[in-house]
Amino acid sequence: MTTAPLPDDDLDTPDTGGPVYLYAVTRAPARAPRDETGEPLAGVADAAVRVVASDRIAALVSPVDPRHLEMVGQRPQEAELAWLEHVARTHNAVVESAFRETTVLPMRIATVHPAEESVRAFLRESADAIHAELARLDGLVEVGVKAYRTAPAAAAGTDAEPSGNPPVAAPRPDSPGRAYLEARRARRRARADADRDAAALVRSVREAAAPHAVDQRAHRLQTGELAAGPGENIANDAWLVPRAALLELHAAVTVLADPAAGRHVEVTGPWAPYSFVRPVTADAG
């Protein structure tokens, strides 16, 4: 990917003073992020996102009110969660806007420098590492691959345990005590079979994805409110993939899905390579 020609007002401008939020680093020249309609994209707390450059490297930043930083952890829980969601969504929107045009190094969410000059110092001091990392990630994107399991469709209407546990045969009425023990043994056997089937699905998905990728990260399984998929999350992986191999990877893993048997595979992305950027950050807030 190459960066499009830039209007003059997108180039580095004088320091406005005060702390700044750092979203991402890329090659210079760079443009301030736009949404899909071409309008300027607002940053955290609706602040304008600007370009700070040093030599051949550029950073995307926006001014941040110190009061927002001081209040972290001090708001009511609902307000705190809403603020953190806003920061995460805005951070991702800025990064993805830049990523549509060129290779970027996403910074950690809530990376804050005391001033723009601090960002320039970081760019100067980390220039070699930044250039090396940008070169390493050129042409590569992150793809999410998740696997889920549910009770097979054939078991619908049977006496299944909560939370997606396998169905258990109804106890025999002639001996309640024996029926109870047999039901427990059957439940354990069914659970063991389901666990083996889940492990086999995870192994198959990873073996199918590996030939089309250059790196992989296994993230924590999603549970609770984060588990929005069809059933129990049994694999939550990120893959670093050449753009040219995206369709091949997608086809290789999704063919393993079998909803009728309770096996589901979901592919998301492509994204900027959040999971694969090696640390290049200098001291920041």
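How exposed is Asp 35, in terms of relative accessible area? In this predicted model, the value comes out at 28%. That makes Asp 35 partly exposed, because it falls between the 20% cut-off for buried and the 50% cut-off for exposed. As for where the residue sits, Asp 35 belongs to the loop that runs between strand 1 (20–27) and strand 2 (50–54). Setting aside neighbours within four places in sequence, Asp 35 is in contact with Leu 41 and Arg 100. There is also a link to a residue of helix 2: Ser 97 lies 62 residues away from Asp 35 in sequence, yet their C-alpha atoms are 6.8 Å apart in space.

Helix 2 itself covers residues 77–99. Its 23 residues, at 1.5 Å a residue, should span 33 Å, and the end C-alpha atoms are indeed 33 Å apart, so the expected and modelled values agree. Ser 97 is one of the buried residues of this helix. Earlier in helix 2, Glu 80, Trp 83, Val 87, Thr 90 and His 91 are also among the buried residues. The list of buried residues further includes a run at the end of the helix: Val 94, Val 95, Glu 96, Ser 97, Ala 98 and Phe 99.

Then there is the matter of empty space. Searching the whole structure turns up one cavity of 30 Å³ or more. The largest cavity has a volume of about 80 Å³. Eleven residues line it, and those closest to its centre are Arg 31, Ser 97, Ala 98, Glu 101 and Thr 102. Sorted by class, the lining is a mix of four nonpolar, four polar and three charged residues. Ser 97 thus turns up again here, at the cavity as well as in the buried part of helix 2.

Notes:
Residues are numbered from 1 along each chain as its sequence is written. This is a predicted model: local features need pLDDT of at least 70, side-chain atom pairs count only at pLDDT 80 or more; totals for chains, interfaces and linings use all residues. Side-chain values use heavy atoms; hydrogens and water are left out. Helices (H or I, at least four residues) and strands (E, at least two) are DSSP runs, numbered from the N terminus. The expected span of a helix is 1.5 Å times one less than its number of residues. Buried means under 20% relative accessible area, exposed over 50%, partly exposed in between (1.4 Å probe, protein chains only). On a 1 Å grid over the protein atoms alone, a cavity is a set of points where a 1.4 Å probe fits but cannot get out, and a pocket is an open set with protein on both sides within 12 Å along at least five of seven lines; lining residues have an atom within 4 Å of a point. Grid points are joined across faces, edges and corners, and a volume is the space filled by probe spheres set on the points. Ala, Val, Leu, Ile, Met, Phe, Trp, Tyr, Cys and Pro count as nonpolar, Asp, Glu, Lys and Arg as charged, and the others, Gly among them, as polar. Contact means heavy atoms within 4.5 Å.
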